[in-house]
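Student: Hey, have you got a minute to walk me through a structure? I'd like to ask things as they come up.

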Amino acid sequence: MLKDITIGQYLPGASVAHRMDPRVKLVLTIAYVALLFTARNAWALGISAAMLFFLYPLSRVPGRMILKSLKPVVPIILFTAILNMMFHDGLVLFQLWIIKITDKGVIMAVFMVVRIICLIAGTSLLTYTTSPISLTNGMEQLFAPLNKIGVPVHEISMMMTIALRFIPTLIEETDKIMSAQKARGADLESGGLIQRIHALTPILIPLFVSAFTRAIELALAMECRCYNGGKGRTHLHRLRLSMPDLYGAVFAILFAACVICANIVFPGLL
């Protein structure tokens, strides 16, 4: 099951999205998230979801990757939906003691679930189509002006990229440890909550040891290569804007205009 988690995974390819400048993709991703949270009705949210149905085939990323990226957050999505159904006024559809589900709550629950799914699928597309090195370079150059006020942009970009890069590695390591413990007779799936927490001890300790070992090895490798931060460093491949970036910017402007128009024309739809 852990192998299905795709957070931080990069899928090599030669699509239009893969060839886009990482700076442009970062800006477009941030803009998409902002517009997603400004969608106030079903039309605006539907346009946001339709955009993903267009972008995933264009990026040549398999549609099943959306489902894999959603697996880790399914409990959060369900919990959010339940809370929205229970704490909104409206026509009561079902009531049991203090539990009351209204029509407005159901609509808000569906609205919030779709929004979370679009948020995760949209941000996952960035890592699917951008290598960790390109993502680091894009973040560093995009936020370079913050260096003037003392923000260590290069170090922050490097840490974020290393964290994303090692998520699949740690997931694979966790799966191996769990398989090894099960082969030794460990029961990780039965019992109550307290018993399951105790059963995680033989997994968490080796995982922490492995994570610290990998961190030390990475630090030694960086020191051996004379890494001393971003000051004075140059890039082998310089980032340059191209036609796919122009197409992406035009498409983003049209998408933003559609969402804004939907919010204006249908202000009371939801």
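Tutor: Sure, let's begin with one residue: R115 is found in helix α6. Keep in mind that this is a predicted model.

Student: Okay, is R115 buried or exposed?

Tutor: R115 counts as buried, because its relative accessibility is 10% and the cut-off for buried is under 20%.

Student: And which residues does R115 touch, apart from its close neighbours in sequence?

Tutor: Leaving aside neighbours within four places in sequence, R115 is in contact with L36, F37, A39 and L45.

Student: L45 is on that list, so which helix does α6 come up against there?

Tutor: That would be helix α3, residues 42-59. The axes of α3 and α6 (residues 103-129) come within 10 Å and cross at roughly 30 degrees.

Student: What does that angle tell me about how α3 and α6 run?

Tutor: Angles under 35 degrees count as roughly parallel, so α3 and α6 are roughly parallel to each other. Their crossing is left-handed.

Student: Who makes the contact on each side?

Tutor: From α3 you have A42, L45, A49, L52, L55, Y56 and S59. From α6 there are F111, V114, R115, C118, A121, G122, S124, L125, Y128 and T129.

Student: How do those residues split by class?

Tutor: Twelve are nonpolar, four are polar and one is charged in the contact of α3 with α6.

Student: Let me zoom out. How many helices and strands are there?

Tutor: The chain has eleven helices and two strands. Reading from the N terminus, the order is α-α-α-α-α-β-β-α-α-α-α-α-α.

Student: And how much of the chain is buried?

Tutor: Of the 270 residues in the chain, 33% are buried. The accessible surface comes to about 16,900 Å², and 71% of that belongs to carbon and sulfur atoms.

Student: What about contacts between residues that are well separated in sequence?

Tutor: Take the contacts between residues at least 6 apart in sequence: 74% of them join residues at least 24 apart.

Student: Can you give me an example of a pair that is separated like that, say with N263?

Tutor: Happy to! N263 sits in helix α11, residues 243-265. N263 and T38 are 225 residues apart along the chain, yet their C-alpha atoms are separated by 8.3 Å.

Student: What else does N263 touch?

Tutor: Setting aside neighbours within four places in sequence, its contacts are T38, A39, R40, N41 and A44. N263 counts as buried because its relative accessibility is 6%.

Student: Back to helix pairs. At what angle do α2 and α7 pack?

Tutor: Helix α2 (residues 22-38) and helix α7 (residues 132-142) pack at about 75 degrees, with axes 8 Å apart. That angle makes α2 roughly perpendicular to α7.

Student: Which residues meet there?

Tutor: On the α2 side they are P22, R23, L26 and V27, and on the α7 side S134, L135, G138, M139, Q141 and L142. This contact has six nonpolar, three polar and one charged residues.

Student: Which way does α7 run relative to α8?

Tutor: The axes of α7 and helix α8 (residues 153-183) come within 9 Å and cross at roughly 155 degrees. Angles over 145 count as roughly antiparallel, so that is the word for α7 and α8. The crossing of α7 and α8 is right-handed.

Student: And the residues in that one?

Tutor: P132, L135, T136, M139 and E140 come from α7, while α8 brings V153, H154, S157, M158, M160, T161, L164 and R165. By class, that is seven nonpolar, four polar and two charged.

Student: Last topic: what stands out about the phi of R60?

Tutor: Phi of R60 is near 60 degrees, which is a positive value in a residue other than glycine. Most residues other than glycine have a negative phi.

Student: Where does R60 lie, and is R60 buried or exposed?

Tutor: R60 lies in the loop between α3 and α4 (64-70). With a relative accessible area of 64%, R60 is exposed, because the cut-off for exposed is over 50%.

Student: Great, thanks!

How values were computed. Residues numbered from 1 in each chain as written. Predicted model: local features only at pLDDT ≥ 70, side-chain atom pairs only at ≥ 80, totals over all residues. Heavy atoms only, no water. Helix = DSSP H or I, 4+ residues; strand = E, 2+ residues; numbered from the N terminus. Buried < 20%, exposed > 50% of the residue type's maximum accessible area, 1.4 Å probe, protein only. Contact = heavy atoms within 4.5 Å. Areas by Shrake-Rupley, 256 points an atom, 1.4 Å probe, with all protein chains shown as cover. Axes fitted to C-alpha atoms, helices over the stretch in contact; angles between N-to-C directions. Parallel < 35°, antiparallel > 145°, perpendicular 65-115°, else oblique. Left-handed = near helix turned anticlockwise from the far one by under 90°. Nonpolar A, V, L, I, M, F, W, Y, C, P; charged D, E, K, R; others polar.
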